[in-house]
Amino acid sequence: MVLLISFIVLLLLGVPIAITTGLSTILAMMDQGIALTTAVQRMFSGVDSFSLMAIPFFIFSGDI
């Protein structure tokens, strides 16, 4: 419930969607007692994929 309510309230206040998603997730995690370091570790492990890192390099090489 905290996730949904905070998401709607932040959107109605005019906060950008990316920031709204992050803040509402952090608030929901704090409400459930989950450590915030867990979220940081999962974000970095999700980005640490070789195939996902190749996409920006292909775009950059196409731009050059």
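1. Helices here are DSSP runs of H or I with at least four residues, numbered from the N terminus. On that basis, A35 lies in the loop between α2 and α3. The model under review is predicted.

2. Overall architecture. The chain contains four helices and zero strands. Read from the N terminus, its elements follow the order α-α-α-α.

3. Overall dimensions. The radius of gyration of the chain is 16 Å, whereas a compact globule of 64 residues would have a value near 11 Å. The C-alpha trace spans about 45 × 30 × 15 Å along its principal axes. Buried residues account for 11% of the 64 residues in the chain.

4. The loop residue A35. With a relative accessible area of 40%, A35 is partly exposed, because this class covers values between the 20% limit for buried and the 50% limit for exposed. A35 stands 29 residues from S6 in sequence, and their C-alpha atoms are 19 Å apart in space.

5. Helix α3. This helix has 12 residues, and the distance from its first C-alpha to its last is 17 Å. That span is close to the 16 Å expected at 1.5 Å a residue. α3 is hardly covered, as one of its 12 residues is buried.

6. S24 in helix α2. Is S24 of helix α2 buried or exposed? Its relative accessible area is 1%, and S24 is therefore buried, since the limit for that class is under 20%. Its contacts, leaving aside neighbours within four places in sequence, are with L3, S6, F7 and L10. S6, one of these partners, is also the residue whose C-alpha lies 19 Å from that of A35.

7. The largest pocket. Its volume is about 160 Å³. Which residues line the largest pocket? The lining consists of G22, T25, I26, M29, L36, A39, V40 and M43. Helices α2 (17-32) and α3 (36-47) each supply at least two residues of this lining. By class, the lining comprises six nonpolar and two polar residues, with no charged residue. An α-helix has 3.6 residues a turn, so residues three or four places apart point the same way.

8. M53 in helix α4. M53 belongs to helix α4, which covers residues 50-63. Its relative accessibility is 37%, so M53 counts as partly exposed, above the 20% limit for buried and below the 50% limit for exposed. Although M53 and G33 are 20 residues apart along the chain, a distance of 32 Å separates their C-alpha atoms.

9. Points to retain. The chain has four helices and a radius of gyration of 16 Å. S24 is buried, whereas A35 is partly exposed and M53 is likewise partly exposed. The largest pocket draws on both α2 and α3 for its lining.

Terms used:
Residues numbered from 1 in each chain as written. Predicted model: local features only at pLDDT ≥ 70, side-chain atom pairs only at ≥ 80, totals over all residues. Heavy atoms only, no water. 1 Å grid on protein atoms, 1.4 Å probe; cavity = no way out; pocket = protein on both sides within 12 Å on 5 of 7 lines; lining within 4 Å. Points joined across faces, edges and corners; volume = space filled by probe spheres on them. Nonpolar A, V, L, I, M, F, W, Y, C, P; charged D, E, K, R; others polar. Buried < 20%, exposed > 50% of the residue type's maximum accessible area, 1.4 Å probe, protein only. Expected span 1.5 Å × (residues − 1). Contact = heavy atoms within 4.5 Å. Rg over C-alpha atoms; globule rule 2.2 N^0.38 Å.
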